[in-house]
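Me: I would like a close look at one part of this model, namely the way its two chains meet, and after that a walk through the sheets and a single loop residue. Please take it step by step, as I am in my first year.

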Protein chains: 2
Amino acid sequence: MKALAKMQLTQLKGLFSEEQISQNASDLAAHARDESAHEESPPDVIVYVQSADDVSKLLKFCNKHGIPVTPWGAGTSLEANPVAIHGGVSLDLSKMNQIIDLRPEDLQVTVQPGIVLQELNKRLSKHGLFFPPDPGAPCTIGGMVGNNAAGIQAVKYGPTKNYVIKLEVVLANGDIITCGSNAMRTSSAYNLLHLFVGSEGTLGVFTEITLKLAGIPPEVSAATASFPDLSKATSTVVELVQSGLSPAALEIMDPVTVRDINAFKGLKLPEVPTLFLEFRGNGPEVTEDVRVSQEICMSNGCKDYRVAMGREERDKLWEARHHSYYASAAANPGMRAIVVDVAVPISKFPEMVEHARRVLADKRLNGPILGHAGDGNFHVAIFYKDEPKEKSKAHEVNDSIVFRALELGGTATGEHGVGIGKIHFMETEHGKSYKLMKQIKDLLDPKGILNPGKIFH
Amino acid sequence: MKALAKMQLTQLKGLFSEEQISQNASDLAAHARDESAHEESPPDVIVYVQSADDVSKLLKFCNKHGIPVTPWGAGTSLEANPVAIHGGVSLDLSKMNQIIDLRPEDLQVTVQPGIVLQELNKRLSKHGLFFPPDPGAPCTIGGMVGNNAAGIQAVKYGPTKNYVIKLEVVLANGDIITCGSNAMRTSSAYNLLHLFVGSEGTLGVFTEITLKLAGIPPEVSAATASFPDLSKATSTVVELVQSGLSPAALEIMDPVTVRDINAFKGLKLPEVPTLFLEFRGNGPEVTEDVRVSQEICMSNGCKDYRVAMGREERDKLWEARHHSYYASAAANPGMRAIVVDVAVPISKFPEMVEHARRVLADKRLNGPILGHAGDGNFHVAIFYKDEPKEKSKAHEVNDSIVFRALELGGTATGEHGVGIGKIHFMETEHGKSYKLMKQIKDLLDPKGILNPGKIFH
């Protein structure tokens, strides 16, 4: 895949207004990496699109000339998903950030892909509604759909795909299509919608996204539960899930993570294995759920179960949880990190966490463990000094954790997507299906211009 | 597409044991139609498969010779989805009806496609678990996945697709692939899983299905609410949904439907527009939901709200609801029916029902209206005498209802699938996406052997 030739650049500039095109050095640098430690790779040029027609015009041009196009939202991903690793165009959707149509009477909203999650939820809250998936970062809705983002509330509410009911998508050849329906259920022909959700910009570019929404429940209650050791915490998670409780969050943190966020956020949480729980619903429901969950925690050796914190304390805790990756990065200055994102069936969760701890200890690497325990999804930020031997040790740990997860029936990525970091697990995870995926990619994008180098080599 | 030549039949018989092949007249007749009034069309031969290898062997053979293969489960569908309208092989999966692996600790079960829903739920109930989608009929799980079935509980629990986490699929060329993961969340490459769910046997044949399960909630409460007119009932539905309540069922019946099921089941429900409601959850939650829903019903003109029926009365009511199509058929002896299955955004539900009533009255046709109101999905069984003029009137009514639903942002089929009866709405509903669907069909099944004549002409 070739990058952009000079003459093509001149032609491209002719298609858009001056302020829509940038080759400014700081702009290129800002589009050269996401939040991960993957290598930087600037695009040749950034195009700030403002409409589906802009996207269509751009893709037609790039398809004709075989120029790579990589969609960009907010750059908050963790697998270099929006990084133009083969150069070409960074298709920046951040200016397409409007709510097109809010229909509270249908619990639906139609947005442009560049709107930021927190801004959307602020606007929705006036109507008593919200969009539940919450990866913590100030990500765009387009990016969330592209990655099928999940986050802390997915254990109750499900990941992004459960909320996308309609998409306007621009295909590689510039065709603009619509998939899905405004109806809340449909069995009408093939579900193209969910083929696009999670396709990481490799099958098409979203220009309109219709989401169904949830009502903000009247009552919220949070709790923290401290445990003497990690295995007691993980077995509690399994029992909580099996009990049929439906917490809105069920997060785990190991002592290293707790220590890092205490330091980063000035908190004083006991530096032991800790569960963060949240319950949402009507008042009596929440009271009952908190009671049952406390019972389960205490019977599993919980040493300290703290409930019913006020809103301020709760917000502080969740902010700390959301910033835990930055907290751990701050505690490991000058180091790089590989971020593990495996998910396994819940009964395998304790074994999986134990395996991660063991291989980290074997290689003497620091890797704080935390995760969306309720969904069997956890993260380890494997920190390493940026030198070949340490890097290779970190990769060995990562590979060992992921291959173990796959053996246990799990997945290489619960919510971050494949990007460039998970490609080498795809054949093991998907077998012959992976070939079929590639055939679908080739059908929709025969010249391979859309986000080349992601999901497939 | 040619049917089966004599020599091919001999070869086919050589591939399977004698009892796996049937050309018995009563067998052929039993596979010639589903529960709908669509024309009968027997296959040339029925093959009772017993394993994925059987399916693979059969598809390889038929793909080589260009012989149509139409998967068959229980034949309870309503759009001729499993009927071999071009002849060839009826691939009967009903003997593959085992639970392969029940893992209550992960809230998961792996089944063969031929297991019947009610049998599965009976087995699961011993573990306090259930598979929520419930179309009412004694359908197979394979058929439910093929059609993305929904039913009465989907308003709370979602349709079948929300529960399918892994599939073993035999492709047209005989390749056996696996899609999905046992993890409860994944963002790993393309979501082929949901491309197969709802594909009505046109893209591949399921041989293993892994479902996630829900815990049986400790408390269930049902209620009926009677209204003086249909518009008050439909506007109540809208307010109930908008209130953020999450009923496990929210069904509507018009007076004709109530009259039909009273006659069929010996019930004495008031023959007025009626809502059936059900709430499930922990005890305090259910009590609160019932209280709020009653308040909303009464403030919308409900004349009679009856709650807290015992289990027996509740089961009787739901059985009556499930059998309402048969009840109405019994009330219209000797007539055929087109079954409408549109779904619209909830705010359009009253307008949509009113439109259906109006066009039925215009054409002087009897069409009991009922449906999964909470999801904006409703059915009309448009009864007509089997003569050309009456048939054409019934089709005009059906077309008018469906095209109005599409104008309102809805779908031609909320849960029955496309089959043969909804094909002529597909271009209007999906636009250019429909062409892309066909390209995917051609990619996976280049010779068009899988369930030809369904979803596409």
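Reply: Two strands are said to pair if DSSP finds at least two bridges between them. The model you see is a predicted one, and in it strand 5 of chain A and strand 6 (residues 108-111) of chain A pair in the antiparallel sense over 4 bridges. Within this pair, A:Arg103 has A:Gln108 of strand 6 of chain A standing opposite.

That pair belongs to an open sheet of chain A, in which 5 strands follow the order 5-6-10-8-9 with antiparallel pairing. Strand 5 (99-103) and strand 9 (176-180) of chain A are the edge strands, each of which pairs on one side only. On average, and with direction ignored, neighbouring strands of this sheet are turned by 10 degrees against each other. Across strand 8 (164-170), strand 9 and strand 10 (205-212) of chain A lies helix 3 (residues 52-65) of chain A, which runs at about 45 degrees to strand 8 of chain A.

Now to the place where the chains meet, to which chain B gives 68 residues and chain A gives 69 residues. On the side of chain B that touches chain A, at least two residues each are supplied by strand 9 (176-180), helix 7 (193-196), helix 10 (283-299), helix 15 (426-430) and helix 16 (432-444) of chain B. The largest share of that side, 7 residues, comes from helix 16 of chain B. Sorted by class, the residues of the side of chain B that touches chain A comprise 25 nonpolar, 33 polar and 10 charged.

How are the two chains placed with respect to each other? In general, two copies of a chain are related by a rotation about an axis and a shift along it. Here, chain B is superposed on chain A by a rotation of 180 degrees with 0.0 Å of shift along its axis, and the RMSD is 0.0 Å. The two copies are therefore related as by a two-fold rotation axis. In chain B, the C-alpha nearest the axis belongs to B:Glu285, at 2.3 Å from it. Because 100% of the interface residues of chain B are also interface residues in chain A, the copies meet through the same surface.

Chain B also holds an open sheet of 7 strands, in the order 15-12-14-13-17-18-16 and with antiparallel pairing. Its edge strands, each pairing on one side only, are strand 15 (304-307) and strand 16 (336-340) of chain B, and the twist from one strand to the next averages 15 degrees. Strand 12 (residues 219-226) of chain B is joined to strand 15 of chain B by 4 bridges, and these two run antiparallel. There, B:Thr224 stands opposite B:Arg306 in strand 15 of chain B.

Last comes the loop residue, A:Arg33, which is found in the loop between helix 2 (25-30) and strand 2 (45-48) of chain A. A residue with 20 or more other C-beta atoms within 10 Å of its own counts as buried, and one with 12 or fewer as exposed; A:Arg33 has 17 within 10 Å, so A:Arg33 is partly exposed. Leaving aside neighbours within four places in sequence, A:Arg33 is in contact with A:His38, A:Glu40 and A:Val83. Although A:Arg33 and A:Ser77 are 44 residues apart in sequence, their C-alpha atoms are 9.2 Å apart in space.

Terms used. Residues are numbered from 1 along each chain as its sequence is written. Chains are lettered from A and ligands numbered from 1 in the order in which they are written. This is a predicted model: local features need pLDDT of at least 70, side-chain atom pairs count only at pLDDT 80 or more; totals for chains, interfaces and linings use all residues. Two residues are in contact if their C-beta atoms, placed from the backbone, lie within 7 Å. Ala, Val, Leu, Ile, Met, Phe, Trp, Tyr, Cys and Pro count as nonpolar, Asp, Glu, Lys and Arg as charged, and the others, Gly among them, as polar. Axes are lines fitted to C-alpha atoms, for helices over the stretch in contact, and angles run from 0 to 180 degrees between N-to-C directions. Copies are superposed by least squares on the C-alpha atoms of residues with pLDDT of at least 70 in both.
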